[in-house]
Protein chains: 2
Amino acid sequence: MTKKHNAIITIGRQFGSGGRHLGKALAEAFGFDFYDRRLLDEAASHAGICTHFFEKSDEQAPSFFSSLFSYNMDYAGYGVSNTTSRLSNEELYRAQADTIRAIADRGPAVIVGRCADYALRGRNDVVNLFLHAPIEKRIDRIVERLDATDREQARQLALKADKARASYYNFYTDKQWGQAQSYDLSLDSSLLTDGQIIDIVDNYLTSRKL
Amino acid sequence: MTKKHNAIITIGRQFGSGGRHLGKALAEAFGFDFYDRRLLDEAASHAGICTHFFEKSDEQAPSFFSSLFSYNMDYAGYGVSNTTSRLSNEELYRAQADTIRAIADRGPAVIVGRCADYALRGRNDVVNLFLHAPIEKRIDRIVERLDATDREQARQLALKADKARASYYNFYTDKQWGQAQSYDLSLDSSLLTDGQIIDIVDNYLTSRKL
């Protein structure tokens with residue numbers, strides 16, 4: 001488990017599949033950096049704009065890029081400060097992608113979401129994971145971590161979040177979110193513990209000589 | 001590699017991803033039975049009808065189940081013998097599914113294609129794999145194994161075969177062909193050798209205690 005790996009692991013995931021949790025566990029096991037909301041902070045400071053704006057637009061694809069097709073391409077109109085609201089969605093995406101590439105250049109990392117797989121295409125030290133689980137198992141997890149008070153609310157939350165993730169991914173990449181062929185390795189996380197998945201990824205990285 | 005496993009491995013695959021070849025290698029490595037065209041033979045003898053009919057209709061979904069919606073449900077009209085042509089597509093599918101379940105009851109096996117994952121749903125000793133590869137890599141393989149004389153022909157062959165597989169799978173199961181969530185484990189086969197994939201699956205089965 002403490003084998004020396006040298007890779008960038010990107011994680012795509014269905015809402016409630018435990019992808020973020022696993023990403024953190026993977027990073028700890030392999031001694032990699034971990035990025036997720038921190039990535040946004042970094043992107044924000046990189047581009048010199050406030051984090052709040054990133055948080056609002058992050059993977060909120062439908063309303064997010066509907067504005068791309070509106071008459072005024074430069075004005076996203078999120079009702080935030082004048083400085084940040086003038087940044088187009090395209091510029092925002094580019095700032096995030098640039099940051100992801102800078103992070104990857106720095107060394108081994110686990111990056112959750114944000115089309116990191118696409119931003120890092122062409123690099124041969126990148127492993128793209130996708131985690132999924134049957135909807136009832138995801139509802140269990142969502143209710144357990146208190147993101148929803150009842151199962152129906154959890155179900156709606158999961159469906160809505162996945163729809164937003166798919167729209168965002170399908171818009172910004174040339175791949176389809178959730179399609180096996182968009183990733184190197186996809187797993188049903190409900191069949192395994194985090195420890196077992198770490199073991200499988202460990203083995204996978206070794207096979208790829210990473 | 002010679003660890004003792006007790007599982008049924010089903011393999012879904014993109015055309016040209018080497019899924020059948022890997023399935024055979026997996027079966028050999030684990031000492032499992034291997035089914036693919038043999039499955040059809042067995043289904044045929046089980047149902048007491050000629051193999052030729054099965055071969056014609058196997059995973060030829062579009063023309064295959066278009067007949068389901070035709071006026072005469074019982075007469076598939078494949079131009080084979082009177083006895084076999086009276087078997088409906090639904091009956092044919094059921095005979096195959098019954099055979100797949102009988103095979104699984106007999107012991108460890110690798111079963112390629114034929115919606116085996118769906119026929120065996122509910123069993124907890126089943127591992128559903130999906131193998132894919134970028135289209136250019138699949139074309140390499142298709143040309144190499146002489147299924148096509150040039151790359152354009154290989155491309156068309158792959159696209160057509162995958163379309164037929166997806167239609168067949170999506171019609172007979174409640175899942176979507178090629179979607180990560182339809183399988184337990186999906187892999188890009190072009191990034192690894194068969195030996196490496198066997199190693200990963202070996203590790204995966206051990207984690208699942210199978």
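Me: Is R145(B) buried, partly exposed or exposed, and at what relative accessibility?
Reply: R145(B) counts as partly exposed, because its relative accessibility is 38%. Bear in mind that this is a predicted model.

Me: Good to know. What does the side chain of R145(B) meet in a salt bridge?
Reply: That would be the side chain of D147(B), with 2.5 Å from N to O. D147(B) is partly exposed too, with a relative accessible area of 37%.

Me: How many salt bridges does the rule count over all chains?
Reply: The count comes to 24 over all chains.

Me: And how many of them are between chain A and chain B?
Reply: The count there is 0. Polar contacts do turn up across that interface, though: the rule finds 11 residue pairs.

Me: OK, stay with the interface. Which elements of chain A each supply at least two residues to the side that touches chain B?
Reply: Those are β4 (126–132), β5 (185–188) and α10 (194–207) of chain A. The largest share comes from α10(A), which gives 6 residues.

Me: What's the mix by class on that side of chain A?
Reply: It has 9 nonpolar, 9 polar and 5 charged residues.

Me: How much area do the two chains bury between them?
Reply: About 2000 Å², with 50% of it on carbon and sulfur atoms. As for residues, 23 of chain A are in contact with 23 of chain B.

Me: Let's go back to salt bridges, in chain A this time. Which residues are linked in a network?
Reply: The network links E136(A), D140(A), R151(A), E152(A) and R155(A). One of its pairs is E152(A) with R155(A), whose side chains meet at 3.4 Å, N to O.

Me: Where do E152(A) and R155(A) lie?
Reply: Both are in helix α9 of chain A, 3 residues apart, which is about one turn of the helix. E152(A) is partly exposed, with a relative accessible area of 43%, and R155(A) is partly exposed at 24%.

Me: Any details on R123(A)? What does it form a salt bridge with?
Reply: R123(A) pairs with D125(A), and the closest N and O atoms are 3.0 Å apart. R123(A) counts as partly exposed at 27% relative accessibility, whereas D125(A) is buried, with a relative accessible area of 19%.

Me: Back to α9 for a second. Why is D162(A) put down as buried?
Reply: Because its relative accessible area is 8%, and buried means under 20%. D162(A) sits in helix α9, residues 151–172 of chain A.

Me: Which side chain does D162(A) make a polar contact with?
Reply: The side chain of R138(A), at 2.9 Å. Leaving aside neighbours within four places in sequence, D162(A) is in contact with R13(A), Q14(A), F15(A), R138(A) and W177(A).

Me: New topic, backbone. Where is R114(B), and what's its phi?
Reply: R114(B) is in the loop between β3 (109–112) and α7 (116–119) of chain B. Its phi is near 60°, a positive value in a residue other than glycine. R114(B) counts as buried, at 6% relative accessibility.

Me: And K209(A), buried or exposed?
Reply: K209(A) counts as exposed, because its relative accessibility is 72%. It lies in the segment after α10 of chain A, and its phi is near 55°, again a positive value in a residue other than glycine.

Me: Now the nonpolar cores. How many residues does the largest one have, and which have the most contacts inside it?
Reply: It has 50 residues, and those with the most contacts inside it are I9(A), L26(A), V201(A), I9(B), L26(B) and V201(B). A second, separate core of 47 residues includes A97(A), I8(B), I100(B) and Y183(B).

Me: What is I9(B) in contact with, leaving aside neighbours within four places in sequence?
Reply: Its contacts are L26(B), F30(B), F32(B), A109(B), V110(B), I111(B), V127(B), L129(B), V201(B) and L205(B).

Me: Last one: how many helices and strands are there in chain A?
Reply: Chain A has 10 helices and 5 strands. Of its 210 residues, 56% are buried. Among its contacts between residues at least 6 apart in sequence, 71% join residues at least 24 apart.

Note on methods: Residues are numbered from 1 along each chain as its sequence is written. Chains are lettered from A and ligands numbered from 1 in the order in which they are written. This is a predicted model: local features need pLDDT of at least 70, side-chain atom pairs count only at pLDDT 80 or more; totals for chains, interfaces and linings use all residues. Side-chain values use heavy atoms; hydrogens and water are left out. A nonpolar core is a set of buried Ala, Val, Leu, Ile, Met, Phe, Trp, Tyr and Cys residues joined through side-chain atoms within 4.5 Å. Buried means under 20% relative accessible area, exposed over 50%, partly exposed in between (1.4 Å probe, protein chains only). Contact means heavy atoms within 4.5 Å. Buried area is the accessible area (1.4 Å probe) that two parts lose on being put together, summed over both. A salt bridge is a side-chain nitrogen of Lys or Arg within 4 Å of a carboxyl oxygen of Asp or Glu. A polar contact is a pair of N or O atoms within 3.5 Å; within protein, one must be able to donate a hydrogen and the other to accept it, and residues adjacent in sequence count only if both atoms are side-chain atoms. Helices (H or I, at least four residues) and strands (E, at least two) are DSSP runs, numbered from the N terminus. Ala, Val, Leu, Ile, Met, Phe, Trp, Tyr, Cys and Pro count as nonpolar, Asp, Glu, Lys and Arg as charged, and the others, Gly among them, as polar.
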